[in-house]
Amino acid sequence: MTSPLRLRLDSAALAYNWRTLAAMSAQAACGAAVKADGYGLGAIEVVKRLAAEGCRDFFVATWAEAALLAPLGVPVSVLHGVRDEDMELALSGIARPVLNTPAQVTRWKAAGGGACDVMVDTGMNRLGLAVADVDNGLLEGLAIETLMSHLACADEDVAMNDRQLATFTGLFGRTNAKRMSLANSAGIGLGRHYAFDLTRPGLALYGGVPSPELGAIRQVVTPEAQILQRRTVRADQTIGYNATFTAPADTEVAILNIGYADGYFRGFSNTGAASFEGKSLPVLGRVSMDLVAVNVDAAPQLGEGDWLALDNALPEAARRSGMSQYELLTSLGARFDRVWQD
Ligand SMILES: *Cc1c(COP(=O)(O)O)cnc(C)c1O
């Protein structure tokens, strides 16, 4: 069974992006955030490809995500740490928890849990132990593999980055952690002194460009959809829900098998485009749940059953749709066939 919509996933671009980020990480090892099912691409296929490139540090959010990757036998850290409900799976050794709270630390120590990672909050006020907890002995007795923190504004040129860097640097030598890790994708762009021993890119692996420093990153994901119907819309007729597009002249239109339920957001209404042989085919009217109309005046040869690629360079797609590059990736739906091209 095949679906009328598919994601074309570029293995070479994924590998290139990881190698680029690894080179920019200089002395540090380069890991990969593969939470949210590899940002929508499919975590298993992403991990296989990055492991083949030499990536040895993978990050997920939950233990269910870690369990999915367990058969691959790669080192995984679970960013959200351990709840009581997670302990059985965590103690089975399929992944390391990233301990975020005093209660998580206590739980892990009491269970004799073994190697773990620790997250310290250096100003984002999202997850992590307070710096003071590092000094009050809370971490004593833990076997810490990686001490980490997370940058709040790495995609902006603001003083908060330097403040977080200084706070994190101040933790050096104050725990028994073997490694320190601070930078996400945008953090890698801030320079080598942000890389420490290990970087944790996510977005940029998958073609996201959070800052100009990462301009070399290549597009990985291209959504493609089949034409379900082709029609001529007469001058002054409208297209789609709420009739937001009125044809200025007779217009050739293709209706594509993709919509906002697939992650092709309503923000692309009258702003998105498909491409065919170098010609742009603009979206006409509102994006529906399962369908979208594009102008095919420039492609008379296209008909029912033909495939079209939607423009999906992430920085531009984010500007057009009003969504973040992260949302554009992680909302890619279950109806796509995910087709990796090697
Ligand atoms: C998601 C996440 C990352 C990856 O961030 P990107 O901005 O996608 O590169 C790194 N570290 C932590 C703690 C995260 O939660």
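**Note on the ligand site and pockets**

1. Of the 14 residues around the ligand (a residue is near if one of its heavy atoms lies within 4 Å), K35, Y39, S185, L203 and Y326 come nearest. This is a predicted model, in which local features need pLDDT of at least 70, side-chain atom pairs count only at pLDDT 80 or more, and totals for chains, interfaces and linings use all residues. Residues are numbered from 1 along each chain as its sequence is written, and side-chain values use heavy atoms, with hydrogens and water left out.

2. An N or O atom in the side chain of Y39 is 2.5 Å from an oxygen atom of the ligand, and an N or O atom in the side chain of Y326 is also 2.5 Å from an oxygen atom of the ligand. A nitrogen atom of the ligand lies 3.4 Å from a polar side-chain atom of H150. The protein buries 93% of the 390 Å² that the ligand exposes when taken alone (Shrake-Rupley method, 1.4 Å probe).

3. The ligand sits in the largest pocket (more than half of its atoms lie within 2 Å of the grid points). A pocket here is an open set of points on a 1 Å grid over the protein atoms alone, where a 1.4 Å probe fits, with protein on both sides within 12 Å along at least five of seven lines, and lining residues have an atom within 4 Å of a point.

4. The largest pocket is lined by 29 residues, with K35, Y39, R126, H150 and N184 nearest its centre. This lining divides into 17 nonpolar, seven polar and five charged residues.

Note on methods: Polar contact = N/O pair within 3.5 Å; in protein donor to acceptor, adjacent residues only side chain to side chain. Nonpolar A, V, L, I, M, F, W, Y, C, P; charged D, E, K, R; others polar.
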